[in-house]
Amino acid sequence: MHEIPVPTEMINLGMDAENVLEFCFPPVMQYIKERQITHAYKEWNDPVGGASCIRKPQYSFGWDWAPRIPAIRLGHARFILVPTGRICDVDIQQEHIDQRKGKLSVKLQVVISLDLKPDLPASSIRVAASLSLKESTWSPNPEKVGDFLVTATDDIHESSSFPGFKRAIAKGEITVSNPKLWWPNGYGNQELYVLTIDMSQDESLIIDSVQRKIGLRTITLDQSVDEERGGSHFRLIVNKRPIFAKGANMIPQHSLLSRVTNADTKYLLKRCVAETGMNMIRVWGGGVYETDAFYNSCDKYGILVWQDFMFSCSLYPGDERFFENVQKEVRQQVLRLRHHACLALWCGNNELEQVHEQIVGDPSYKNAYERLFYEIIPKVVARCDGSRSYWPSSPHNPEGYEKGFNNPCAGDTHFWDVWHARKPVDAYLSHRTRFCSEFGMQSLASLEVAKTFAEESDLNLFGPVLESHQKNNAGNIIMLEYTTRLFRLPNSYEHLAYLTQLNQAICVRTGVEHFRRNMPYTMGALYWQLNDCWPGASWSSVEFNGRWKCLHYFARKFFSPILVSVVSLGQETVGLCNLVRSTVGKFVVHVVYDGTANDLSARLVWRVYDIRRSRDIDRGEQVITIKRDESRQVGALDYTDLVAQHGAQNLILRVQLRKYQFRAGESSNPVFSESTTWFASPRMYELPSGSISVVIVEKKSHAMVIELSSSCFQPFVCVDISEFGPAQVVRLEDNFFDLYPNEPKSVEITCVDRDISRLTASLRVYSLVDTYRTSPS
């Protein structure tokens, strides 16, 4: 995004005047070929080459989840007419002051930059600022908390961005006593103040007016020495509290960005991020700087933003023309975004330091890389936004990029041994990291989405249509390999997609729970990836049409403030003659808590379930207390004798964390968190066949309830309501859950249309056993 000034002399302001503003873009490949004369570096993802030569979204030239469609467009164009003057920038710095008796005040230092006509004296300009708590979550009415009125002065240090204009400046302060602080999602409220600034001449005519919504909060990237565990921290501290970053990486929402609406953005951030318990999104460096609506929504819903600059998976030119262009780009983006409460971190690029040998092996590459990401960009960030940290690359080794990436004791890591290196999912358990900012597993598009680009006859995993919608080398082979490690071969594409999505969810859950168990050593888990830009196979948890995959339903549970997590101390291996050997039988139970209360008391309940007998063969419980921001092992279970007696392929360990005390009248003891652990791979079990009973009842306005029950164990029950309505208007409370005999499950559907007969006709329910034995019920 660039700001392009247009002098008013070029515009006819007559009542009947017609003005035409033309933009001429040279052919993309022609421009690239000219640039490749001096920069012929081969990008990692562009199959044609040249993406790094031009400042366009890098993903649009092709990625391992995106087609190659380099578009030309005016992104989020805004036309500003400035006949006399305008407010061109507002810099707001916060100073949080601790006072006596635990009270807090915040001093806002506001610097307003103005563009003025040369013949307009700065001394004739008055700038009035007013601060109100307008977006309060506790009061619907605006509450004015401070203001100031000042006279502008000429600014000799800055030149105007408008040709023929001069720069003026106005400064003022507002102190807020007992402020309402802004917190990340799950850690407190998202209080937003509105700063209104009016620019007038001689206190009469208002020339320009702007508003900035701000959150009062402190945020720092703590890289201090970890005296207790060694190495250095890598954690965000908001309002003096360390935050465990829970979230995902976000790619652009469409390959054709002009089709993205503000409603699409709101749905993604509110429904798919905030209501899932996430508190951070990484705006990935191969995409775009997002819209104002995106950052406004992140402010509103408490979503911290890890903001990459738009460089990814390539080395970039090192000439002055390129540097000048980047400097302008970075400055404009930092000035545009710096007032947002959600903005947590600036990051130079995505994964460039993974080719550190190439960088240091060529003096021209080394000079270009270090000038861009260690000089030019950080200097602009420091000058334009002194309140946030700059991180050179993701991943980055703070001991020096030339020493290799993925330092286990400091900085952030990307972990792709699971998937690209095809290592078993348990490899997560040995990955030591301070902050894992990328990891993931692919899955197929659901049948609903696949039908948007393929006929029924084309839905063969290795046929040309599905292969064309798979952009990762050997991706379908890798996906099938991981899926069949857990599950039997399915009987249809629909069930294959279901199994790949189950495999994806289990894989990412393994990683996230491992990282959360290692809190406070590890303080962030951002999986790859949140969304899709087109329909096809990918690492996303939300499909291209907004439908939630299994992973996204799992994410609501593994990102919950209260988490019970079980680790098996044994392994299942396949040896000579395809013989399966298992040492599974011992387990440890962990509880993680990062909610708002100081501590939590709960009942830990566990039982071993035998699927052949359809009953528990062991059970127990204990009361635990865990402190806030603590991860602790709370139990160890040894069932080696039961395995020898009943067989691992018949047993399931079910662990629940239940409310310690619950109110009279509650129908059941509420469950905070639940974990189901299979003693063997699900493909080894002879699951019982049985029907699932479904009853739909109307509950309240805009809601219905699906009541499900079964006479036998039904794992990973899928409730498919895709034919009832789109994901944006039909909300399913839970999905892909386990159904036990004599334990009915109620799932709420939120929707406008409460036609029970239509829902009954369109509803499809099936479980794991149906994928290889029978048709869906």
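**View 1. Trp606 and its partner across the strands.** In this predicted model, Trp606 sits opposite Val655 of strand β29. The two strands to look at here are β26, residues 599–610, and β29, residues 651–659, and they pair in the antiparallel sense over nine bridges. Zoom out a little and you'll find an open sheet of four strands, paired antiparallel, in the order β27-β26-β29-β30. β27 (615–627) and β30 (671–678) are at the edges with a single partner strand each, so one side of each goes without a neighbour in the sheet. On average, neighbouring strands of this sheet are turned by 15° against each other, direction ignored. What holds strands side by side like this? Strands of a sheet pair through backbone hydrogen bonds, in either a parallel or an antiparallel way.

**View 2. Ser614, in the loop between β26 and β27.** Here's a backbone oddity: Ser614 isn't a glycine, yet its phi is positive, at about 55°. Most residues other than glycine have a negative phi. Is Ser614 buried or exposed? Neither, quite: Ser614 is partly exposed, with a relative accessible area of 32%.

**View 3. Strand β25 and its two partners.** Strand β25 covers residues 586–593, and seven of its eight residues are buried. One partner is strand β22 (residues 562–568), joined to β25 by seven bridges and running antiparallel. Another is strand β28 (residues 630–638), which is antiparallel to β25 too and is joined to it by eight bridges. Val591 is a handy landmark, as it is the bridge partner of Val564 and also pairs with Arg632 in β28.

**View 4. Two helices crossing.** How do helix α9 (residues 475–486) and helix α10 (residues 493–517) meet? Their axes come within 9 Å and cross at roughly 80°. An angle from 65 to 115 degrees counts as roughly perpendicular, and α9 and α10 are therefore roughly perpendicular to each other. On the α9 side, the contact is made by Met479, Leu480, Tyr482, Thr483 and Leu486. Facing them from α10 are Leu496, Leu499, Thr500, Asn503 and Ile506. Sort the residues of this contact by type and you get seven nonpolar, three polar and no charged.

**View 5. Helix α10 from end to end.** Follow α10 along its 25 residues and you cover 36 Å from its first C-alpha to its last, close to the 36 Å expected at 1.5 Å a residue. Most of this helix is covered, with 24 of its 25 residues buried. α10 also lies across β33 and β37, running at about 115° to β33.

**View 6. The sheet with β33 in the middle.** This open sheet has three strands in the order β35-β33-β37, with antiparallel pairing. Its edge strands are β35 (737–739) and β37 (764–766), and each pairs on one side only. From one strand to the next, the twist averages 40°. Strand β33 (residues 714–720) and β35 run antiparallel and are joined by two bridges. To find that pairing, look for Gln714, whose bridge partner in β35 is Leu739.

**View 7. Two cis peptide bonds.** Most peptide bonds are trans. Ser394 and Pro395, however, are joined by a cis one, with omega at about 0°. Pro395 is in the loop between β18 (389–391) and β19 (413–414). The bond from Trp528 to Gln529 is cis as well, with omega near 10°. You'll find Gln529 in the loop between β21 (524–527) and α11 (550–558).

**View 8. Arg422, in the loop between β19 and β20 (436–438).** Arg422 is not a glycine, but it has a positive phi of about 60°. Arg422 is partly exposed, with a relative accessible area of 32%.

**View 9. Val580 and its surroundings.** Val580 belongs to strand β24, residues 580–582. Its relative accessible area is 38%, so Val580 counts as partly exposed. Which residues does Val580 touch, leaving aside its neighbours within four places in sequence? They are Glu572, Thr573, Val574 and Met684. Phe558 is 22 residues from Val580 in sequence, and the C-alpha to C-alpha distance between them is 30 Å.

How values were computed: Residues numbered from 1 in each chain as written. Predicted model: local features only at pLDDT ≥ 70, side-chain atom pairs only at ≥ 80, totals over all residues. Heavy atoms only, no water. Pairing = 2+ DSSP bridges. Axes fitted to C-alpha atoms, helices over the stretch in contact; angles between N-to-C directions. Buried < 20%, exposed > 50% of the residue type's maximum accessible area, 1.4 Å probe, protein only. Parallel < 35°, antiparallel > 145°, perpendicular 65-115°, else oblique. Contact = heavy atoms within 4.5 Å. Nonpolar A, V, L, I, M, F, W, Y, C, P; charged D, E, K, R; others polar. Expected span 1.5 Å × (residues − 1).
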